[in-house]
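The following account describes how the strands of this model are arranged and paired. The sequence and structure are shown first.

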Amino acid sequence: QVQLEESGGGLMQAGGSLRLSCAASGRTFSDANMSWFRQAAGKEREFVAGITRIGNTYYADSVKGRFTISRDNAKKTVSLQMNSLNPGDTAVYYCAQTRRSAYFVNSDYLSDQKSYVAWGQGTQVTVSS
């Protein structure tokens with residue numbers, strides 16, 4: 001059974017930076033794809049960034065150039081470095097893991113919430129204007 005735990009959320013003023021981390025427990029981390037999703041108050045959960053099992057990355061247009069996703073298979077962690085934060089980034093951020101996958105997956109697969117079999121509890125990010 002896969003368990004994910006996010007950390008690093010908090011309050012930051014616009015223009016600042018935060019780094020989120022997600023620790024995974026389980027045997028399939030290295031063979032799975034990992035992503036970050038977020039859900040703002042009153043809105044649906046949306047894809048933020050994803051990284052495949054071999055390290056290819058994909059980003060939502062709203063965060064390209066500002067956010068960076070990375071993974072450490074030895075530590076079974078995935079991180080999201082968030083720079084140039086703005087109030088629109090305020091949301092609960094969730095870490096998610098897919099099932100063991102093929103070597104290559106496309107962006108449609110990563111952005112589809114149905115691709116994921118494990119989710120973290122979420123960590124709150126609040127950006128003040």
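Strands are DSSP runs of E that are at least two residues long, numbered from the N terminus, and two of them are said to pair if DSSP finds at least two bridges between them. The coordinates discussed here belong to a predicted model.

In the hairpin of β5 and β6, 5 residues lie between the strands, and Gly-55 adopts a positive phi near 100 degrees. The two strands of this hairpin, β5 and β6 (residues 57-59), are antiparallel and share 3 bridges. Across this pairing, Ala-49 faces Tyr-59 of β6.

Strand β5 (residues 46-51) also pairs with β4 (residues 34-39), again in the antiparallel sense, over 5 bridges. Here Arg-38 is the residue opposite Glu-46 of β5. The hairpin that joins β4 and β5 has 6 residues between its strands, with Gly-42 at a positive phi near 80 degrees. Of the 6 residues of β5, 5 are buried, so this strand is largely enclosed by the rest of the structure.

A further group of strands can now be considered. An open sheet of 4 strands runs in the order β1-β3-β8-β7, with antiparallel pairing. Its edges are formed by β1 (3-7) and β7 (67-72); each has a single partner strand, so one side of each lacks a neighbour in the sheet. From one strand to the next, the twist averages 15 degrees. Within the sheet, β7 is joined to β8 (residues 77-82) by 6 bridges in the antiparallel sense, and Arg-71 lies opposite Val-78 of β8.

Notes
Residues are numbered from 1 along each chain as its sequence is written. This is a predicted model: local features need pLDDT of at least 70, side-chain atom pairs count only at pLDDT 80 or more; totals for chains, interfaces and linings use all residues. Side-chain values use heavy atoms; hydrogens and water are left out. Axes are lines fitted to C-alpha atoms, for helices over the stretch in contact, and angles run from 0 to 180 degrees between N-to-C directions. Buried means under 20% relative accessible area, exposed over 50%, partly exposed in between (1.4 Å probe, protein chains only).
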